[in-house]
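These are my notebook entries on a structure that is new to me. I set down in order what I looked up.

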Protein chains: 2
Amino acid sequence: MERSKVLACLSALAHEARLDLVRLLVRRGEAGMAAGDIGRELGLTASRLSFHLAALEQAGLLRSQRVSRNVIYAVDTAAIGQMIHYLLADCCADHPEVRACCDGARGLSSLSAP
Amino acid sequence: MERSKVLACLSALAHEARLDLVRLLVRRGEAGMAAGDIGRELGLTASRLSFHLAALEQAGLLRSQRVSRNVIYAVDTAAIGQMIHYLLADCCADHPEVRACCDGARGLSSLSAP
DNA sequence: GGTTCAATTCAACGTTTCATGAGTAGTTGA
DNA sequence: TCAACTACTCATGAAACGTTGAATTGAACC
């Protein structure tokens, strides 16, 4: 994944509502979810929802598909994975401690400090 | 790592100059780097540098230490790891494809498309 | 004490982002 | 075609962000 796209993804994820959106949609998997259902689930107004969905889709984190009246949204799990891969490999140069914290739970420095 | 802190980290990283800062400092490791040297390396003015360093430090991604006239900055690798861990585990519910893309290189959807 | 270097803080400005509500476009079924 | 429904777009104002240059603080050296 290119640098500019990673920045777009980070920017898109750096918002409470959009992190909730991704969290919800990841759990729905490939099947995805209709925009209206998402709005009801998360308590977002139609325009706010549309705004945030568009931001995530433009960043490449979501895909949408019209099905009759509804528009079904689903996460692009590969895009999320690639973004994280960029952070780990390119940005952090596969730093072992970053990997450890990422794979494990807390990280070495948290363990060494009481 | 808490949700609000993850949002702060994402927000801090979603900027070109700050991603460069982290990339540079990760490669310096524990030793870190003086603010002036960072500015020369990345071609940032003093106030811009200071602004971005403060943003990263406030998000908990950097630590600073005054040494004589200089202020030495170093990344908190555990914090980066924990942020990524949150994205993988909490936000993406340890989705296998996200993990695969993150550990591997490209991800399944990129492989299936030519 | 005074000077110099390093780094931060501050105010100002323009830009971008966000939330809201109203209005618009596309789809369905009678 | 019409009404009902779903989802999107637009205009507005408020808030946050990013850049700049000047002023300030802190430490070291004469």
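**Entry 1: the fold of chain A.** I began with the secondary structure and counted seven helices and three strands in chain A. Reading along the sequence, I wrote the pattern down as α-α-β-α-α-β-β-α-α-α. I then looked up the extent of the C-alpha trace of chain A, which spans about 55 × 35 × 20 Å along its principal axes. Of the 114 residues in chain A, buried residues make up 39%. I also looked at contacts in chain A with a separation of 6 or more, and 50% of them join residues 24 or more positions apart.

**Entry 2: confidence.** I note that this is a predicted model. For chain A, I found a mean pLDDT of 89, with 91% of the residues at 70 or more. Where in chain A does pLDDT stay under 50? I located this over residues 106-114, for which the model has 13 contacts beyond four places in sequence.

**Entry 3: how the two chains are related.** As background, I recorded that two copies of a chain are related by a rotation about an axis and a shift along it. Here I found that a rotation of 180° with 0.0 Å of shift along its axis superposes chain B on chain A, with an RMSD of 0.1 Å. I therefore entered the relation as that of a two-fold axis. In chain B, the C-alpha nearest this axis belongs to B:L10 and lies 2.9 Å from it. I noted as well that the same surface serves both copies, since 97% of the contact residues of chain B recur in chain A.

**Entry 4: the contact between the chains.** I next listed the residues that take part in the contact: 35 from chain B and 34 from chain A. On the side of chain B that touches chain A, I found at least two residues from each of helix 1 (3-13), helix 2 (16-28), helix 5 (77-91), helix 6 (96-103) and helix 7 (108-112). Which helix of chain B gives the most to this side? Helix 5 does, with ten residues. Sorted by class, this side of chain B has 21 nonpolar, nine polar and five charged residues.

**Entry 5: A:L88.** I then followed a single residue, A:L88, whose place is in helix 5 (residues 77-91) of chain A. Is A:L88 buried or exposed? I recorded A:L88 as buried, because 20 other C-beta atoms lie within 10 Å. Leaving aside neighbours within four places in sequence, I found A:L88 in contact with A:D94, A:V98, A:R99 and A:C102, and also with B:I84 and B:C102. For one of these partners, A:V98, I looked up the spacing: A:L88 and A:V98 are ten residues apart in sequence and 7.4 Å apart in space, C-alpha to C-alpha.

**Entry 6: the nonpolar core.** In soluble globular proteins, nonpolar side chains tend to be buried together. With this in mind I looked up the largest nonpolar core, which has 66 residues. Among its members, A:C9 and B:C9 touch the most others. Beyond four places in sequence, I found A:C9 in contact with A:A59, A:G60, A:L61, A:A79 and A:M83.

**Entry 7: A:A34.** I placed A:A34 in strand 1 (residues 33-34) of chain A. A:A34 counts as partly exposed, because it has 15 C-beta neighbours inside 10 Å. With neighbours within four places left aside, its contacts are A:N70, A:V71 and A:I72. I also noted that the C-alpha atoms of A:A34 and A:A74, 40 residues apart along the chain, are separated by 9.0 Å.

**Entry 8: DNA strand D.** I counted 19 residues around DNA strand D, of which A:G36, A:S47, A:N70, B:S47 and B:S68 come nearest. Two or more residues are given by each of helix 3 (35-42), helix 4 (46-58) and strand 3 (70-75) of chain A and by helix 4 (46-58) of chain B. Helix 4 of chain A gives the most to this surface, with five residues. By class I entered eight nonpolar, eight polar and three charged residues.

**Entry 9: DNA strand C.** Around DNA strand C I counted 22 residues, and A:S47, B:G36, B:A46, B:S47 and B:S50 come nearest. The elements that give two or more residues here are helix 4 of chain A, with helix 3 (35-42), helix 4 and strand 3 (70-75) of chain B. I found the largest share, six residues, in helix 4 of chain B. The residues of the surface near DNA strand C divide into ten nonpolar, nine polar and three charged.

Terms used. Residues are numbered from 1 along each chain as its sequence is written. Chains are lettered from A and ligands numbered from 1 in the order in which they are written. This is a predicted model: local features need pLDDT of at least 70, side-chain atom pairs count only at pLDDT 80 or more; totals for chains, interfaces and linings use all residues. Two residues are in contact if their C-beta atoms, placed from the backbone, lie within 7 Å. Helices (H or I, at least four residues) and strands (E, at least two) are DSSP runs, numbered from the N terminus. Ala, Val, Leu, Ile, Met, Phe, Trp, Tyr, Cys and Pro count as nonpolar, Asp, Glu, Lys and Arg as charged, and the others, Gly among them, as polar. A residue is buried if 20 or more other C-beta atoms lie within 10 Å of its own, exposed if 12 or fewer, and partly exposed in between; C-beta atoms are placed from the backbone. A residue is near a molecule or strand if its C-beta atom, placed from the backbone, lies within 6 Å of it. A nonpolar core is a set of buried Ala, Val, Leu, Ile, Met, Phe, Trp, Tyr and Cys residues joined through C-beta atoms within 7 Å. Copies are superposed by least squares on the C-alpha atoms of residues with pLDDT of at least 70 in both. pLDDT is the predictor's confidence in each residue, from 0 to 100.
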